[in-house]
Amino acid sequence: MSDRLARARATGVLAVLRAPSPELALEASEAIIRGGVTGIEVTYSTPDAPAVIRELIARHGDAAYVGAGTVTTPEQAAQAADAGAEFLVSPGTLPDLTRAMLDTGRVVMTGALTPTEVMGALDLGVDVVKIFPATLGGPAYLGALRGPFPDAPLMPTGGVKPDNLADWYAAGAVAVGAGGDLANGASIAASDWADLEQRAARFAAALSAVRG
């Protein structure tokens with residue numbers, strides 16, 4: 001097991017955060033962290049994502065595992081790394097972009113769905129293959145990928161909920177990414193921080209149960 005993935009494994013759940021403003025992104029992150037989920041993937045769908053990343057790290061240091069998501073250009077990868085992001089996530093695996101992400105020295109997670117795409121990501125040397133959208137095949141699909149890729153670090157994103165978290169881990173997930181069921185867009189827009197905190201608490205409880 002790679003030491004580079006120790007933090008991702010320990011964190012277990014990454015909240016995929018999309019917010020309409022930096023201020024709401026910070027408030028949402030705080031609510032999710034209070035609820036017990038300390039992995040925060042600030043996507044570039046969020047305005048000024050690097051500033052949000054920088055502020056979260058300033059507030060929480062090593063107590064939170066903070067990275068950038070929806071990285072689609074080498075410039076974004078460099079900006080996020082400069083802001084202190086510990087990991088970089090892209091929805092797909094483009095060779096030039098992936099190499100630029102790897103050049104930052106950060107943990108790199110790039111998206112794939114088919115076996116061919118998984119092979120391409122692994123060939124480029126990514127740390128984690130993000131299986132996305134994982135909701136299409138569910139835990140059974142992740143388990144099927146384990147046949148040809150028994151040791152590949154796979155992280156399903158999409159369709160991950162507290163009540164199926166155990167199934168994803170049983171199928172071989174190294175960690176999971178959770179979007180709408182955790183960092184819920186409507187709750188963020190409504191500044192319903194109590195709801196976000198409760199959602200995070202349910203995920204944290206499910207992860208604790210998985211780890212027994």
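**Turns, helix packing and an aromatic pair**

Visitor: Pro-133 lies in the loop between strand 6 (128-131) and helix 7 (138-145), so to speak of the backbone there, what is omega for the peptide bond that joins Phe-132 and Pro-133?
Guide: This is a predicted model, in which local features need pLDDT of at least 70 and side-chain atom pairs count only at pLDDT 80 or more, while totals for chains, interfaces and linings use all residues. Residues are numbered from 1 along each chain as its sequence is written, and side-chain values use heavy atoms, with hydrogens and water left out. Helices (H or I, at least four residues) and strands (E, at least two) are DSSP runs, numbered from the N terminus. The bond between Phe-132 and Pro-133 is cis, with omega at about -5°.

Visitor: What is the relative accessible area of Asp-48, a residue with a positive phi?
Guide: Most residues other than glycine have a negative phi. Asp-48, in the loop between strand 2 and helix 3, has a positive phi of about 55° although it is not a glycine. On a scale where buried means under 20% relative accessible area, exposed over 50% and partly exposed in between (1.4 Å probe, protein chains only), Asp-48 is partly exposed at 48%.

Visitor: Where does Ser-191 lie?
Guide: Ser-191 is another residue other than glycine with a positive phi, near 55°. Ser-191 is partly exposed, with a relative accessible area of 36%, and its place is the loop between helix 9 and helix 10.

Visitor: How many of the 14 residues of helix 2 are buried?
Guide: Helix 2 (residues 22-35) has its end C-alpha atoms 20 Å apart, in agreement with the expected span of 20 Å, which is 1.5 Å times one less than the number of residues. What covers its buried residues includes strand 1 (13-17), strand 2 (39-43), helix 3 (49-60), helix 9 (185-189) and helix 10 (193-211). Among the buried residues are Leu-24, Glu-30 and Gly-35, and the count of buried residues in helix 2 is 10 of 14.

Visitor: At roughly what angle do the axes of helix 2 and helix 3 cross?
Guide: Contact means heavy atoms within 4.5 Å, and the residues of helix 2 that meet helix 3 include Ala-25, Ser-29 and Ile-33, with Val-52, Leu-56 and His-60 among their partners. Axes are lines fitted to C-alpha atoms, for helices over the stretch in contact, with angles running from 0 to 180 degrees between N-to-C directions. The axes of helix 2 and helix 3 come within 10 Å, and they cross at roughly 35°.

Visitor: Which residues is Gly-177 in contact with, leaving aside its neighbours within four places in sequence?
Guide: Gly-177 lies in strand 8 (residues 176-178) and is buried, with a relative accessible area of 0%. Gly-177 and Gly-12 are 165 residues apart in sequence, yet 8.6 Å apart in space, C-alpha to C-alpha. Leaving aside those neighbours, the contacts of Gly-177 are Leu-14, Val-16, Met-155, Pro-156, Thr-157, Gly-158 and Val-160.

Visitor: How many residues apart in sequence are the parts that the aromatic pair ties together?
Guide: Rings of Phe, Tyr and Trp (its six-membered ring) pair if their centres lie within 6.5 Å, and planes under 30 degrees apart count as stacked, over 60 as edge-to-face and the rest as tilted. A search of the whole structure finds one aromatic pair, formed by Tyr-65 and Phe-87, which is tilted at 4.6 Å centre to centre and 35° between the planes. Tyr-65 and Phe-87 are both buried. Because Tyr-65 lies in strand 3 (residues 65-69) and Phe-87 in strand 4 (residues 87-90), the pair ties together parts whose separation in sequence is 22 residues.
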